Amino acid sequence: MPARDEAVETVRTVVLVEGISDQLAVTALARRWSRNLLAEGVAVLPMHGATNIGHFLERYGPQGLDVGLAGLCDRAEMRFFLTGFEQAGLGRIAGRAELENQRFFVCDADLEDELIAALGVDAVEQILAAQGDIVSYRKFQRQPAQREKPDRALLSRFMGTRGDRKIRDALVLVNALASSYMPRPLAELVAAV
């Protein structure tokens, strides 16, 4: 739960995302599209895990502060969102299409994977090299448990090996993409709020 609801009480829409890296990616894309979400009355809140969605829906939905709701989740975590909607009294959501009709967009794996797919493996490796992470990544690639994984999955997993790396890379990857190549869930979320 956010510690300071006073700031959120002045907004018209709350965007619920799983973590800080997702929050930074959403706000970075909005900035690239010349939008200031806070000035527009949109707060992007990291929930620190998809399992917290029910609490956030209760707090900010019709039974709580009654502001507009939107969000982003990973496909594997979608079940928590579906259950959360029902538990918060927002109705039963049957699947991805209905969830997205409610402005909650779903990444196929996770947002980092979506960004890697949009940029391409070579471009992401160039970004890692520019940040001084390529040597660590090459060591990670050679680990026995990682050798059989496809490059895209390896890059996504590597970004998650350190919390600060995932947070830093979310901004860098969004800023490296051409606006026309933004991942669909991220672009549709920002367009919807």
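Rings of Phe, Tyr and Trp (the six-membered ring, for Trp) count as a pair if their centres lie within 6.5 Å, and planes over 60 degrees apart make the pair edge-to-face. Keep that rule in mind, because this is a predicted model and a good place to enter it is a group of three phenylalanines: F81, F85 and F104 form one aromatic cluster.

By the pairing rule, the count comes to five aromatic pairs. Take F81 and F104 to begin with: their ring centres are 6.0 Å apart and the planes meet at 65°, which makes the pair edge-to-face. F81 belongs to helix α4 (residues 78–87) and F104 to strand β4 (residues 104–107), so this pair ties together parts that are 23 residues apart in sequence. Are these two rings buried or exposed? F81 has a relative accessible area of 0%, so it is buried. F104 comes in at 1%, so it counts as buried too.

Now swap F81 for F85. F85 and F104 also pair edge-to-face, with 5.0 Å from centre to centre and 85° between the planes. Here again the pair links distant parts of the chain, with F85 in helix α4 and F104 in strand β4, 19 residues apart. F85 is buried, as is F104.

From F104, you can step across to strand β3 (residues 68–74), where A70 is found. Which residues does A70 touch, once those up to four places away in sequence are set aside? They are V14, V15, L16, R103, F104, L189 and V193. The relative accessible area of A70 is 0%, under the 20% cut-off, so A70 is buried. If you want a distance to check on screen, try A70 and G84: they are 14 residues apart along the chain, and 13 Å separates their C-alpha atoms.

Two of the names on A70's contact list, V15 and L189, turn up again in the nonpolar interior. The largest nonpolar core has 38 residues, and V15, V26, Y137, L173, V174, L186 and L189 have the most contacts inside it. Helix α2 (residues 20–32) supplies the largest share of this core, with five residues. There is also a second, separate core of 23 residues, and L45, I53, L57 and M78 are among its members.

L173 is worth a closer look. Leaving out neighbours within four places in sequence, L173 is in contact with L115, I116, L119, V124, I127 and M159. M159 then leads on to E112, since E112 is in contact with S21, D22, S156, M159 and K166 when its neighbours within four places are left out.

E112 sits in helix α6 (residues 111–119). Where does an acidic side chain like this end up, buried or exposed? At a relative accessible area of 3%, E112 is buried. Its side chain has a polar partner there: a contact of 3.1 Å joins E112 to the side chain of S21.

D113 is in helix α6 as well. Its relative accessibility is 9%, so D113 also falls in the buried class. Beyond its neighbours within four places in sequence, D113 is in contact with R152 and S156. S156 is thus a contact of D113 and of E112.

One last stop brings us back to aromatic rings, this time with a charge involved. The charged end of R165 sits over the ring of F158, at 3.9 Å from the ring centre.

Methods
Residues are numbered from 1 along each chain as its sequence is written. This is a predicted model: local features need pLDDT of at least 70, side-chain atom pairs count only at pLDDT 80 or more; totals for chains, interfaces and linings use all residues. Side-chain values use heavy atoms; hydrogens and water are left out. Helices (H or I, at least four residues) and strands (E, at least two) are DSSP runs, numbered from the N terminus. Buried means under 20% relative accessible area, exposed over 50%, partly exposed in between (1.4 Å probe, protein chains only). A polar contact is a pair of N or O atoms within 3.5 Å; within protein, one must be able to donate a hydrogen and the other to accept it, and residues adjacent in sequence count only if both atoms are side-chain atoms. Contact means heavy atoms within 4.5 Å. A nonpolar core is a set of buried Ala, Val, Leu, Ile, Met, Phe, Trp, Tyr and Cys residues joined through side-chain atoms within 4.5 Å. Rings of Phe, Tyr and Trp (its six-membered ring) pair if their centres lie within 6.5 Å; planes under 30 degrees apart count as stacked, over 60 as edge-to-face and the rest as tilted. A charge sits over a ring if NZ of Lys or CZ of Arg is within 6 Å of the ring centre and within 35 degrees of the ring normal.
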